[in-house]
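Work through these exercises with the model open beside you. Each task is followed by a solution in steps.

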Amino acid sequence: MEPMKSKIKEMFAPAKKSGVGGGGKMNVEDLEITPGGMLVQKRDSGSNQTPISIPTIKVRVKFGSSFREIYISSTASFGELKKMLSEHTGLHQEDQKLIYKKKERDSKEFLDVAGVKNGSKLVLMEDTASRERRCLETLRNAKINKASKSITQIRFEIDKLSEQVTALEATASSRDGKVYEKEVTDLTELLMSKYVVLDGIVVKGDLNLQKKMQVPFGHIASINNLLCLFGL
């Protein structure tokens with residue numbers, strides 16, 4: 001590392017004065033290395049320096065039996081190229097394999113670092129294993145969302161029935177209140193039917209905990225007390 005710093009300092013040390021004119025000076029701190037490995041002067045966004053234009057290159061990508069010509073920045077990543085290819089081929093970028101010089105390239109790798117130039121040829125292949133994993137994940141998430149919505153809906157219906165349980169219990173506790181057996185049995189059957197549906201929803205993890213929390217045990221005890229009034 002030290003020899004490299006010495007060379008850099010020598011390259012950009014103050015030039016010796018001559019009879020014609022003086023020399024300029026550039027510090028090591030004013031330098032940066034581009035993704036392509038070139039040593040250049042740092043660009044200051046707040047200065048009046050003329051911005052350095054990044055060239056656009058054309059690459060040919062073989063997919064199946066056909067070729068796609070893609071125009072892209074020379075300093076773009078393979079991931080950015082995959083996004084563009086997704087629009088041209090309809091192939092999801094997560095399901096793509098890009099081969100350059102007989103080697104699969106990582107999405108985070110840069111084109112210029114890998115040596116991709118104007119006119120370079122690449123091969124695009126479908127990653128079937130990745131597609132299958134993504135499809136399974138999509139199906140799993142859809143199933144979880146459906147189960148969550150079902151639990152929420154049942155909870156709403158149970159809450160409505162629980163309000164009726166509270167009202168019946170209040171009536172039965174009052175001096176002049178009168179509760180009919182059919183009211184209690186009908187309400188009990190409705191609640192039990194909701195619990196059966198809830199029990200039939202197969203879920204795991206946090207969603208299973210959410211499912212268990214939907215059973216209002218206090219109202220179940222109230223229903224039992226009301227049933228006892230009629231010897232049921």
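**Exercise 1. Pair β3 with β4.** State how many bridges join β3 to β4 and how the two strands run. Then describe the turn.

Solution.
- In this predicted model, β3 and β4 run antiparallel. Eight bridges join them.
- Pick one pair to check the register: K62 is opposite F67 in β4.
- The two strands make a hairpin, with two residues between them.
- Look at G64 in that turn. Its phi is positive, about 70°.

**Exercise 2. Place β7 among its partners.** Which way does β7 run relative to β3, and which way relative to β5?

Solution.
- Start with β3. It runs parallel to β7, and four bridges join the two.
- Two facing pairs set the register here. R60 stands opposite K121 in β7, and V61 stands opposite L122 in β7.
- Now take β5. It is joined to β7 by four bridges and runs antiparallel to it.
- A facing pair for this side is Q96 with E126 of β7.

**Exercise 3. Find the nonpolar cores.** How many residues does the largest nonpolar core have, and which have the most contacts inside it?

Solution.
- The largest core holds 17 residues. V59, V61, L81 and V116 have the most contacts inside it.
- Next, ask which elements supply it. β3, β4, α2, β5, α3 and β7 each give at least two residues.
- A second core, separate from this one, has 15 residues. Among them are I151, I154, V165 and V203.
- For background: nonpolar side chains tend to be buried together in soluble globular proteins.
- Zoom in on V59. Beyond its neighbours within four places in sequence, V59 contacts R68, E69, I70, L81, V116, K117, S120 and L122.

**Exercise 4. Examine S120.** Where does S120 sit in the chain, and is S120 buried or exposed?

Solution.
- Locate S120 first. It is in the loop between α3 (111-114) and β7 (121-126).
- Apply the cut-off: buried means under 20% relative accessible area. S120 has 11%, so it is buried.
- Check its side chain. A polar atom there lies 2.8 Å from the backbone nitrogen of K117.
- List the contacts, setting aside residues up to four places away in sequence. S120 touches K58, V59, R60, Y100 and G115.

**Exercise 5. Sort the salt bridges.** How many salt bridges does a search of the whole structure find? Describe the pairs that involve E69, D95 and E137.

Solution.
- The search gives six salt bridges.
- The principle is simple: side chains of opposite charge can pair when their charged atoms come close.
- First pair: E69 with R60. Their closest N and O atoms are 4.0 Å apart. E69 is partly exposed at 42% relative accessible area, and R60 is partly exposed at 28%.
- Second pair: D95 with R134, at 2.5 Å from N to O. D95 is in the loop between α2 and β5, and R134 is in helix α4 (residues 128-173), so the pair ties together parts 39 residues apart in sequence.
- Compare the burial of these partners. D95 is buried, at 1% relative accessibility, whereas R134 is partly exposed, at 25%.
- Third pair: E137 with R140, at 3.1 Å from N to O. Both lie in helix α4, three residues apart, about one turn of the helix.
- E137 is partly exposed at 37% relative accessibility. R140 is partly exposed too, with 45%.

**Exercise 6. Check an annotation against the model.** Which residues does UniProt list as "coiled-coil region", and what are the helix and strand percentages there?

Solution.
- The unreviewed UniProt entry lists residues 144-171 under that name.
- Over residues 144-171 the chain is 100% helix and 0% strand.
- The end C-alpha atoms of this stretch are 41 Å apart.

**Exercise 7. Step back to the whole chain.** How many helices and strands does the chain have, and in what order do they run?

Solution.
- Count the elements: seven helices and seven strands.
- Read from the N terminus. The order is α-β-β-β-β-α-β-β-α-β-α-α-α-α.
- Turn to burial. Of the 232 residues in the chain, 24% are buried.
- Finish with contacts between residues at least 6 apart in sequence. Of these, 57% join residues at least 24 apart.

Terms used:
Residues are numbered from 1 along each chain as its sequence is written. This is a predicted model: local features need pLDDT of at least 70, side-chain atom pairs count only at pLDDT 80 or more; totals for chains, interfaces and linings use all residues. Side-chain values use heavy atoms; hydrogens and water are left out. Buried means under 20% relative accessible area, exposed over 50%, partly exposed in between (1.4 Å probe, protein chains only). A polar contact is a pair of N or O atoms within 3.5 Å; within protein, one must be able to donate a hydrogen and the other to accept it, and residues adjacent in sequence count only if both atoms are side-chain atoms. Contact means heavy atoms within 4.5 Å. A nonpolar core is a set of buried Ala, Val, Leu, Ile, Met, Phe, Trp, Tyr and Cys residues joined through side-chain atoms within 4.5 Å. Two strands pair if DSSP finds at least two bridges between them. A salt bridge is a side-chain nitrogen of Lys or Arg within 4 Å of a carboxyl oxygen of Asp or Glu. UniProt positions are given in the numbering used here, feature names are shortened, and annotations may be inferred rather than shown by experiment.
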